[in-house]
Amino acid sequence: LDAIEGESGLYYVVNNPGTGDACTATSTVKATYKGYLTNGSVFDEGTIDNFFLSNAIVGWQIGIPKFREGGDGMLLIPSAIGYGSSGSSSGSIPPNAVIIFEVELIKVY
């Protein structure tokens, strides 16, 4: 991957930067996503609407603002800004896991 190193160990790939409104870590957004582990197993995917980025993991708060409306790409999130040493409460993300999200920012409210 030709990824850019961002803050706090985040790496991201911008396939399309988008041309619409920009967002911040505290914006409300609509986005589609697919999350998977480094072994390729998918742990979640779907569309979120009216989602407060401030309620997301830090990796999303840092990564989603790299895109404008209509933009898409990939976020490679280390555990420190993902689900940490506990993993996810559902157990689908193990402790200390690096997670990867393919994302498209559809709307900034």
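## Exercises on a predicted sheet and its core

Ser-27 touches Phe-51, Phe-52, Leu-53 and Val-108, when residues up to four places away in sequence are not counted. The model behind these exercises is a predicted one.

### Exercise 1

Work out where Ser-27 is placed, whether this residue is buried or exposed, and which backbone atom its side chain reaches.

**Solution.** Begin with the position along the chain: Ser-27 belongs to the loop between β2 and β3. Next, take the relative accessible area, which is 12% for Ser-27; because buried means under 20%, Ser-27 is buried. Finally, follow the side chain of Ser-27, which reaches the backbone nitrogen of Thr-24 at 2.8 Å.

### Exercise 2

Describe Thr-28 by its element, its accessibility and its contacts.

**Solution.** Thr-28 lies in strand β3, which covers residues 28-37. The relative accessibility of Thr-28 is 15%, and therefore this residue counts as buried. Leaving aside residues up to four places away in sequence, the contacts of Thr-28 are Asn-50, Phe-51, Phe-52, Lys-107, Val-108 and Tyr-109.

### Exercise 3

Establish the order of the strands in the open sheet, and name its edge strands.

**Solution.** Start from the hairpin of β1 and β2, which has 5 residues between the strands and in which Ser-8 takes a positive phi near 60°. Strand β1 (residues 4-5) pairs with strand β2 (residues 11-16) in the antiparallel sense over 2 bridges, and the bridge partner of Glu-5 in β2 is Tyr-11.

The next step leads from β2 to β5, an antiparallel pairing over 5 bridges, in which Tyr-12 stands opposite Leu-75 and Val-13 stands opposite Met-74.

Strand β5 (residues 72-77) in turn pairs with β6 over 6 bridges, again in the antiparallel sense, with Phe-101 of β6 as the bridge partner of Leu-75. Strand β6 (residues 99-108) also pairs with β3, antiparallel and over 9 bridges, and here Tyr-33 has Val-103 of β6 as its bridge partner.

Put together, the open sheet of 6 strands has the order β1-β2-β5-β6-β3-β4, with antiparallel pairing. The edge strands are β1 and β4, since each pairs on one side only.

### Exercise 4

Identify the elements that give two or more residues to the largest nonpolar core, find which of them provides the largest share, and list the contacts of Val-103.

**Solution.** The largest nonpolar core has 26 residues, and those with the most contacts inside it are Trp-60, Ile-64, Leu-75, Ile-77, Ile-99, Phe-101 and Val-103. The elements giving two or more residues to this core are β3, β4 (42-52), α1 (58-63), β5 and β6. Of these, β6 supplies the largest share, with 5 residues.

To see how one residue of this list is surrounded, consider Val-103, which touches Thr-32, Tyr-33, Trp-60, Ile-64, Phe-67, Gly-71, Asp-72, Gly-73 and Leu-75, not counting residues up to four places away in sequence. Tyr-33, one of these contacts, is the residue whose bridge partner in β6 is Val-103, and Trp-60, Ile-64 and Leu-75 are, like Val-103, among the residues with the most contacts inside the core.

Key
Residues numbered from 1 in each chain as written. Predicted model: local features only at pLDDT ≥ 70, side-chain atom pairs only at ≥ 80, totals over all residues. Heavy atoms only, no water. Helix = DSSP H or I, 4+ residues; strand = E, 2+ residues; numbered from the N terminus. Buried < 20%, exposed > 50% of the residue type's maximum accessible area, 1.4 Å probe, protein only. Contact = heavy atoms within 4.5 Å. Pairing = 2+ DSSP bridges. Core = buried A, V, L, I, M, F, W, Y, C linked by side-chain atoms within 4.5 Å. Polar contact = N/O pair within 3.5 Å; in protein donor to acceptor, adjacent residues only side chain to side chain.
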